[in-house]
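The following paragraphs lead the reader through one molecular structure. Please keep the sequence and the 3D view at hand while reading.

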Amino acid sequence: MATVIGISNTELAGEQLEQFIEVIGNAVTTSLGLPDHLKSVSLHQLPKAYATKRSYEEITFFVYTAPKPVEAKRALVQNIQAAADDFFSGSSYTTIVIVKEHADENVGVGGVLRLDKQA
């Protein structure tokens, strides 16, 4: 499972927002070798006035997942940037990806600790 929380000052809405969330989710699952249904992606958009002024756009992604090899994390960072570049073709977007790994003893899903679900 990968839970992704993005924070940006983009102004996406409707179908465009849905497509972007799907593109980022696909980049994450592909990079981490996860089935498509094991993703949860949310994008929180803040007004541009709430961010540092830059000559480029910036999106920060927090990716919460079980421990992964460094090669998978490298691919994750590269694939998220490539997905943003493709989606926003012609615009300058920089992505920041913060990977937060967790052991099964530190995650509960549906009221059950992941560690207990495996037993």
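**The sheet and its surroundings**

Strand 1 and strand 3 are joined by seven bridges and pair in the antiparallel sense. Two strands are said to pair if DSSP finds at least two bridges between them. Helices (H or I, at least four residues) and strands (E, at least two) are DSSP runs, numbered from the N terminus. The model is a predicted one, in which local features need pLDDT of at least 70 and side-chain atom pairs count only at pLDDT 80 or more, while totals for chains, interfaces and linings use all residues. Residues are numbered from 1 along each chain as its sequence is written, and side-chain values use heavy atoms, with hydrogens and water left out.

The antiparallel pair belongs to an open sheet of four strands, arranged in the order 2-1-3-4 with mixed pairing. Strand 2 (39-45) and strand 4 are the edge strands, each pairing on one side only. On average, neighbouring strands of this sheet are turned by 15° against each other, direction ignored. Axes here are lines fitted to C-alpha atoms, for helices over the stretch in contact, and angles run from 0 to 180 degrees between N-to-C directions. In general, strands of a sheet pair through backbone hydrogen bonds, either parallel or antiparallel.

The parallel sense appears between strand 1 and strand 2, which pair over seven bridges. Within this part of the sheet, I5 stands opposite S42 in strand 2. Strand 3 and strand 4 also run parallel, joined by nine bridges. To pass from strand 3 to strand 4, the chain goes through helix 2, and this β-α-β crossover is right-handed. That term applies if, with the strands pointing away from the viewer, the path from the first strand over the helix to the second runs clockwise. F61 stands opposite V97 in strand 4, and F62 stands opposite I98 in strand 4.

Two helices lie across these strands. Helix 1 (residues 14-32) lies across strand 1, strand 2 and strand 3 (57-65), and runs at about 135° to strand 2. Helix 2 (residues 70-87) lies across strand 3 and strand 4, at about 150° to strand 4.

Individual residues can now be placed in this arrangement. Is S8 buried or exposed? S8, in strand 1 (residues 2-8), counts as buried because its relative accessibility is 5%; buried means under 20% relative accessible area, exposed over 50%, and partly exposed in between (1.4 Å probe, protein chains only). The bridge partner of S8 in strand 3 is I59. Leaving aside neighbours within four places in sequence, S8 is in contact (heavy atoms within 4.5 Å) with L43, H44, Q45, L46, E58 and I59. The side chains of S8 and T10 are joined by a polar contact of 2.7 Å. A polar contact is a pair of N or O atoms within 3.5 Å; within protein, one must be able to donate a hydrogen and the other to accept it, and residues adjacent in sequence count only if both atoms are side-chain atoms.

In strand 4 (residues 93-101) lies T95, which is buried because its relative accessible area is 13%. A polar contact of 2.7 Å links the side chains of T95 and Q81. Apart from neighbours within four places in sequence, T95 is in contact with I59, F61, I80, Q81 and A84.

V112, found in strand 6 (residues 112-113), counts as partly exposed because its relative accessibility is 33%. Not counting residues up to four places away in sequence, V112 touches V107 and K117.
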